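Here's a quick walk through a multi-chain model, written for someone who likes to know the cut-offs before trusting the numbers. Have the viewer open as you read.

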Amino acid sequence: MSGEKDLDQLKKEAVAKAKAEAIAKRQAKAAGEGAPKQEDKPAEQALSQDTHPVEPAQTAGTPAEDGADLAKKKAAAAAKAKAAALAKKKREGIEEEEAPAPVETTPASAQPSEDGDDLAKKKAAAVAKAKAAAAAKRKAMELAGESTPAEETPAAQTSDEADDLAKKKAAAVAKAKAAAAAKRKAMELAGESTPAEETPAVDASDDGDDLAKKKAAAVAKAKAAAAAKAKAAATAKAKAAGTGDADTAAGGDDEKAKAKAAAVAKAKAAAAAKAKAAGAAKGGDVSPADTAEKPSANQPFLDKYRKVIEENLGADVLEDSYINKLSKDVPTLVAKKDTYFKVAQFLKYNELLGFDYLSELHGTDFVTHMEVYVHLFSYKNRQSVALKVKIDRDEPTIESLQPIWAGANWPECEAYDLLGIKFTGHPNLHRIMLGEDWVGHPLRKDYEPYDVEV
Amino acid sequence: MIRTEEMLLNVGPQHPSTHGVFRLVVKIDGEIITEATPVIGYLHRGTEKLAEDLQYTQIIPYTDRMDYLSAMTNNYVICHAVETMMGIQIPERADFLRVMAMELGRIASHLVAWGTYILDLGATSPFIYAFRDREMIINMLNELSGARLTFNYMRVGGVKWDAPEGWVDGVREFVPYLREQLKGYHNLVSGNEIFLDRVKGVGVYSKEEAINYSLSGPNLRSTGVKWDLRKDEPYSIYDRFDFNVITREEGDCLARYHVRLEEIEESLKILEQACEQFPAEGEIMAKVPKIIKAPKGEAFVRIESPRGEIGCYISSDGKKEPYRLKFRRPSFYNLQILPKLLVGENIANLIAILGAVDIVLGEVDG
Amino acid sequence: MIEELLQSSPGLMNFGIFFLLAVVLLLVVLGFVTYAILAERKVLGYMQARHGPNQLGGKWGLLQTVADVLKLLIKEDVIPKAADRPLFIIAPIIAFTPAFMVLATIPFTDKFQFADIGVGLLYYIAVSGMTIFGMVLGGWASNNKYALLGGMRAGAQMISYEIPLVMSVLGVILLTGSLNLTDIVVQQEHGWFILYQPIAFIVFFIASIAELNRTPFDLPESENELVAGYFVEYSGFRWAFFMLTEYVYMFAMSSLITVIFLGGWLPPLDILGFIPGAVWFALKFCVVVFVYMWLRATLPRFRIDRLMEFAWKVLFPVALANIFLTALIKTLFF
Amino acid sequence: MELLNLYQNNYLIVFVFLCLGVLLPLVALFLGKFLRPHKPSVEKYTTYESGIDPFHDSRVQFNVRYYIFALMFVIFDVETVFLYPWAVAYDKLGVFALIEMLIFVIMLLIGLIYAWKKKVLRWT
């Protein structure tokens, strides 16, 4: 988020320059994005969007409205950001689907993808270009995500869409949690919208600009950025679809298409009512969505955690963060693999956070990756947080938390035993349950019993 | 200078005081432990792996076999996790039945913990008294669920059976009976000098250590941390009852002993109030789909079992089986501090310290 | 007849008769052990809100112990490979023999006594100390860590408690001026020594529990820590002899307490003199045995370090103080 | 002569008890041989080690604590043995012997206190 904010500022100052640079970067990143390792969350989001178009799209369907609300409600925006994060996660979940999508999009989306990376910045730049002022910046960021690829006109459209999508997605995610449903809808929409996207997109872009301004004014905050990222990703996809062969692209990447489609659908609506009208409509739509999102009482905590972490560890240590509505609204942080230990350490020793109690640690094999889930609790503040990290499945290695919480000792052994996750720095990593002579790690999805009689 | 050697002594898995198949390899110098290495896994049954191929309702019987001394809380935690994900509201009557079953289970579990602890310390009678009173609880739960140990009583959305006629009255009568017995327990053991000599100041850890080692339940509350999920993160209908969170400041075995024994009284309070408020009639099952499918996503819930916080993590891909199921088993976490506590103690204290942790091996090994 | 026999010159004939009489006593003792075990289980049972053995031999379970013994008799004899075989075999014999030998000097009534030797009390204490060898040997020979720890504990505990045990008796000896057990009983005609020597009695009783390895001092065989202590590797009849040793000692120790502190066969009041001495002896004896069982049902086990400190830092000084207190009082007031 | 006979007979009885005490276990174990089965297996003849194959020899140089207690026992048991004849003959010896014995015991008590302060009396 902070990155986005910075971007906004940058955008304000030298939007045009930023745009140019951003575009270049984005392109470069887009190239690189194929592999989703963007530094910034936005970038990741963008990637995720590219890769996980479906999810965003789904979310986007509803989220577009949410996006509007987001803009209005900054806090909501934060929530959205989380939602976006969720969306991302979902996307990741969809990664498989995404994977193909990106390929298609890459050419057209190359730009978008870049946007994704620098989306915030670039978007901001783009927005600035679009003359969207500071308010526009955020939107611009989103837009940039969109616009960078397609740049001005398409970008504008996409950007709007993207914003909406992101918002919608986030909102959808947060609200319904039934992201799946939304996704499906979004996918359907995408199918429809993808074609329509382009043309409407232009209008939408205009609208988007306006909206962007409005939203930006309201949203202007980091939330927007987060949402924007997600949106941007979606938009990027949309753009890709739009720029390249909107229809084909959309068709190619269902997910993306869906995401896009969702955005498109929104865009269409916007187009139909004209960009501003659309924006208004979005806002109207969004507001309910936002309200739906808001209820989580833990949102302020998540905001706080993120703020503290970003202020102290930098903006790019967290891959994602959201409220897990399924799990009693626990604030969930997704750390990057190389910042996981740092974040965990920070969570325990920072005075504001003080998560002194490790309630649970375990791993899960998600086939595409491994995930370590840590549930932390602070007896001082009486708050919970879930910390997750995704790690490579073929080489599952991660730092041990044992030096931070002594209670992580055996759970990590268990994760090592049953999933094969190696915890570096663990004082005594051994096969605690099955014994050292056991072959294989049973909780891996590809586990084959070594002894047929077992 | 006389040369002495350290001896490696293997305590368990076939040992009377390890409460199951728990193994502890201790290095002793004379009778002083210089190093202790716990070895677990003898009872590992792969519940979490099995659950990946089972529907949610089918998993419930497996949870009975984890903490087999208070199977009701295990039943509850998985149902609670699924219900949380699906957003199911439980009928009031079912909630009452659940809470009463869980509190009875908690009392039964603490009675066993008390009895076996004193047995570990060499006195045989309290063990029998504890089992006599536990038997009454088992009978009540038997009437409720049809089983004495592995109840398989709760379902996603409610409970399987309604309380039989007069069951609540039975519980109501049981409360004053056990209160009276508890006085006897205190008279018999709590003031005994030999007993105090063996547990006072033994196995001490601080509040910070307890938190750092992820201890929970009586093991944590014995250090003065006032934390009980029933009170502080109320689930089910626990917020309707008036009860205290028992804490002690000392953090030794005696504190853990007292926390458990006094928690029985608090559970009796809850039971008493639950009997008063028990709805005369009502549904015992919420409307749930025939095949339960948790929505896509993940959830982690934790509740207060007699041994600490038991948690259930479910990652669902929207199918009728969980994609990944994980239990946070309190005994497993509570046991981690053991090697640290044992260094420098003698073998007699080993038993006292291990008994005070109150482990159930079915739970430790999952 | 016994008198004559005792006065005649010792020979094979005497040996044979004594032997037969000793066999009779042995059978009595075995009978006592059989029913002491049953009684203990019954007492524990009723103290623990249950019935104890109630199947074999009618509702009292009268044949339960007999069945147990038969079962032990036909149990396979297992000597671990790692054990020191000769030591392993003789350890229970070394433990049991002194237990039976001490019975020779106990005066059950004024007529019924085997060896009326002048140093009866000293004899008892000296011979009973031999049992420690059996326990330590058993623990060592098993080549098992638990057994070794149990044997070591048994050795340390029993020698430590031996000192307060013998010292507490000194108070009584000061009063009687004799080590002969019959003399000691006779001198209690005007009041049991439990009244004159209460401190000595308490010390003696506590030390005797420790010597008997009974709760709360059953550390050498504490099943919750050392599984079964020094006889963890023993099974079948070899194990039975260790158990027999314990119960025979309980028989002997209860008799000794009756003799030294409770007035032996003497009635509590002269009016009750019409009841035979044997009955009084049996009653007092049973009370002591019951108290042992009662303690077992009630108390948890001591911790080894506390146990040793208790012997050396509490019982020993108290017993010593009691001796000089007695001597002083005797000098000043009598 | 009769006194000597009495004396000898009494010790003959003690000897009889000794013989019987040895004979009973021997006979019982010997007779049991005909009754009990003999079906050896490797597991049966393994030393008990809580269900695990025994490792690490149990016969090691052990902590000296046990040894020191044994030494203490020797010292104070001998003291007690000295006290016995004194107690028996106390009536005849009188106050002087009491004071003498007091000095003797106090000297030993100093030893006990010394051991106490040296923390020898602590098991751990």
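Contact here means heavy atoms within 4.5 Å. With that in hand, start in chain B, where helix α3 (residues 71-86) lies across β6, β7 and β8 of the same chain and runs at about 145° to β6(B). For angles like that one, axes are lines fitted to C-alpha atoms (for helices over the stretch in contact), and the angles run from 0 to 180 degrees between N-to-C directions. Helices (H or I, at least four residues) and strands (E, at least two) are DSSP runs, numbered from the N terminus.

Some housekeeping: this is a predicted model, so local features need pLDDT of at least 70 and side-chain atom pairs count only at pLDDT 80 or more, while totals for chains, interfaces and linings use all residues. Residues are numbered from 1 along each chain as its sequence is written, chains are lettered from A and ligands numbered from 1 in the order in which they are written, and side-chain values use heavy atoms, with hydrogens and water left out.

The predictor scores the complex at an ipTM of 0.79 and a pTM of 0.71.

**The sheets of chain B**

The sheet under that helix is open and three-stranded, with the order β6-β7-β8 (chain B) and antiparallel pairing. Two strands count as paired if DSSP finds at least two bridges between them. At the edges sit β6 (297-305) and β8 (324-328) of chain B, each pairing on one side only. Neighbouring strands in this sheet are turned by 10° against each other on average, direction ignored.

Strand β7 (residues 308-316) of chain B is home to B:Gly311. Is B:Gly311 buried or exposed? B:Gly311 is buried, as its relative accessible area is 0%; buried means under 20% relative accessible area, exposed over 50%, and partly exposed in between (1.4 Å probe, protein chains only). Beyond its neighbours within four places in sequence, B:Gly311 is in contact with residues including B:Val77, B:Phe300 and B:Phe327. B:Gly311 and B:Val77 are 234 residues apart along the chain, yet their C-alpha atoms are separated by 6.7 Å.

Chain B has another open sheet of three strands, this one in the order β1-β2-β3 with antiparallel pairing. Its edge strands are β1 (7-11) and β3 (32-39) of chain B, each with a partner on one side only. The twist averages 20° from one strand to the next. A helix from another chain sits on this sheet: α7 (residues 145-176) of chain C lies across β1 and β2 of chain B, at about 105° to β1(B).

Three antiparallel strand pairs, with one facing residue pair each, line up like this:

| Strand pair | Bridges | Facing residues |
|---|---|---|
| β1(B) and β2(B) | five bridges | B:Asn10 and B:Val25 |
| β7(B) and β8(B) | five bridges | B:Tyr313 and B:Lys326 |
| β3(A) and β4(A) | eight bridges | A:Glu360 and A:His375 |

**A hairpin in chain A**

Strand β3 (residues 357-365) of chain A is mostly covered, with nine of its nine residues buried. Its hairpin with β4(A) has four residues between the strands, and there A:Val367 takes a positive phi near 70°.

**A buried histidine**

Back in chain B, B:His110 belongs to helix α4 (residues 92-120). B:His110 is buried, with a relative accessible area of 1%. Not counting residues up to four places away in sequence, B:His110 touches B:Pro218, B:Arg260, B:Glu263, B:Ile264 and B:Pro306. B:His110 and B:Glu262 are 152 residues apart in sequence and 9.6 Å apart in space, C-alpha to C-alpha.

**Helix packing in chain C**

How are α3 (residues 64-73) and α12 (residues 236-261) of chain C arranged? They pack at an angle of about 135°, with their axes 7 Å apart. That makes α3(C) oblique to α12(C), given that angles under 35 degrees count as roughly parallel, over 145 as roughly antiparallel, 65 to 115 as roughly perpendicular and the rest as oblique. On the α3(C) side the contact is made by C:Val69, C:Leu72 and C:Leu73, and on the α12(C) side by C:Gly236, C:Phe237, C:Trp239 and C:Ala240.

**Chain D**

Chain D has four helices and zero strands. Of its 124 residues, 40% are buried. Its average pLDDT (the predictor's confidence in each residue, from 0 to 100) is 77, and 85% of the residues score at least 70.
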